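Work through the following exercises with the sequence and the model at hand. Each task is followed by a solution that goes step by step.

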Amino acid sequence: MSNKTASWSGVLGVEGSPTGDGRYIEPDALTWGDLPLPLRYVAADVGAHDGAQVVGRITDISRDDDGSIRAEGDLDMGSEAGAEAVRHLKEGLTTGVSMDLDDVAFEIRVAEDLGDMEPSLG
């Protein structure tokens with residue numbers, strides 16, 4: 001990590017609320033390893049997280065009462081990929097994150113059986 005860094009903070013994800021694409025993470029289901037963790041950036045959407053480059057670190061993660069998983073860390077502005085990630089953030093071109101979960105168990109549910117979990121389209 002170069003000595004040229006920028007700080008960041010934000011929500012990594014939310015437990016107990018359906019995502020825009022219909023996924024649902026059970027409350028208290030997420031865990032994370034020892035910090036710091038790498039923060040990666042994908043410049044082109046080529047599927048999954050293929051081509052992701054490390055652009056910084058996640059130095060703190062916490063769970064809020066509302067299910068939000070909040071984090072903070074630093075971005076490496078001394079690298080090309082880090083500087084590009086910072087530019088995207090400043091210009092509002094990148095407005096969210098994609099969690100790269102590595103230990104997953106899942107259950108498939110039919111939308112009509114979800115009831116209150118079904119996302120609102122209105």
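**Exercise 1. Place the acidic residue Glu15 and list what surrounds it.**

Begin with accessibility: at 4% relative accessibility, Glu15 counts as buried, where buried means under 20% relative accessible area, exposed over 50% and partly exposed in between, with a 1.4 Å probe and protein chains only. Before going on, note that this is a predicted model, in which local features need pLDDT of at least 70 and side-chain atom pairs count only at pLDDT 80 or more, while totals for chains, interfaces and linings use all residues. Residues are numbered from 1 along each chain as its sequence is written, and side-chain values use heavy atoms, with hydrogens and water left out.

Next, locate the residue: Glu15 sits in the loop between S1 and S2, helices (H or I, at least four residues) and strands (E, at least two) being DSSP runs numbered from the N terminus. Then list its surroundings: leaving aside neighbours within four places in sequence, its contacts (heavy atoms within 4.5 Å) include Pro27, Asp28, Ala29, Arg63 and Ile69. Finally, a polar atom of the Glu15 side chain lies 3.0 Å from the backbone nitrogen of Ala29.

**Exercise 2. Which residues are linked with Glu15 in a network of salt bridges?**

Apply the criterion, a side-chain nitrogen of Lys or Arg within 4 Å of a carboxyl oxygen of Asp or Glu; the count by this rule is six salt bridges. The network links Glu15, Asp28 and Arg63. Within it, Asp28 and Arg63 form a salt bridge whose closest N and O atoms are 3.5 Å apart. This pair links distant parts of the chain, since Asp28 is in the loop between strand S1 (5-14) and strand S2 (37-41), whereas Arg63 is in strand S3 (residues 53-63), 35 residues apart. As to accessibility, Asp28 is exposed at 58%, and Arg63 is partly exposed at 33%.

**Exercise 3. Examine the salt bridge of Arg57 and Asp74, and set beside it the case of Asp76.**

The side chains of Arg57 and Asp74 meet at 2.7 Å, N to O. Arg57 belongs to strand S3 and Asp74 to strand S4 (residues 68-76), so the salt bridge ties together parts that are 17 residues apart in sequence. Arg57 is partly exposed, with a relative accessible area of 33%, whereas Asp74 is buried at 11%.

Turn now to Asp76, which also lies in strand S4. Asp76 is buried yet has no salt bridge, and the nearest side chain of opposite charge, Lys4, is 8.6 Å away; for this purpose Lys and Arg count as positive and Asp and Glu as negative, with His and the chain ends not counted. The side chain of Asp76 does, however, reach the backbone nitrogen of Gly78 at 3.0 Å.

**Exercise 4. Which residues of the largest nonpolar core touch the most other members?**

A nonpolar core is a set of buried Ala, Val, Leu, Ile, Met, Phe, Trp, Tyr and Cys residues joined through side-chain atoms within 4.5 Å. Of the 15 residues in the largest one, Trp8, Leu39, Val55, Ile58, Ala71 and Leu75 touch the most other members. The elements that give two or more residues to this core are S1, S2, S3, S4 and helix H1 (80-90). Outside its sequence neighbours within four places, Trp8 is in contact with residues including Leu39, Ile58, Ala71 and Leu75, and also with Arg57 and Asp74.

Conventions
A polar contact is a pair of N or O atoms within 3.5 Å; within protein, one must be able to donate a hydrogen and the other to accept it, and residues adjacent in sequence count only if both atoms are side-chain atoms.
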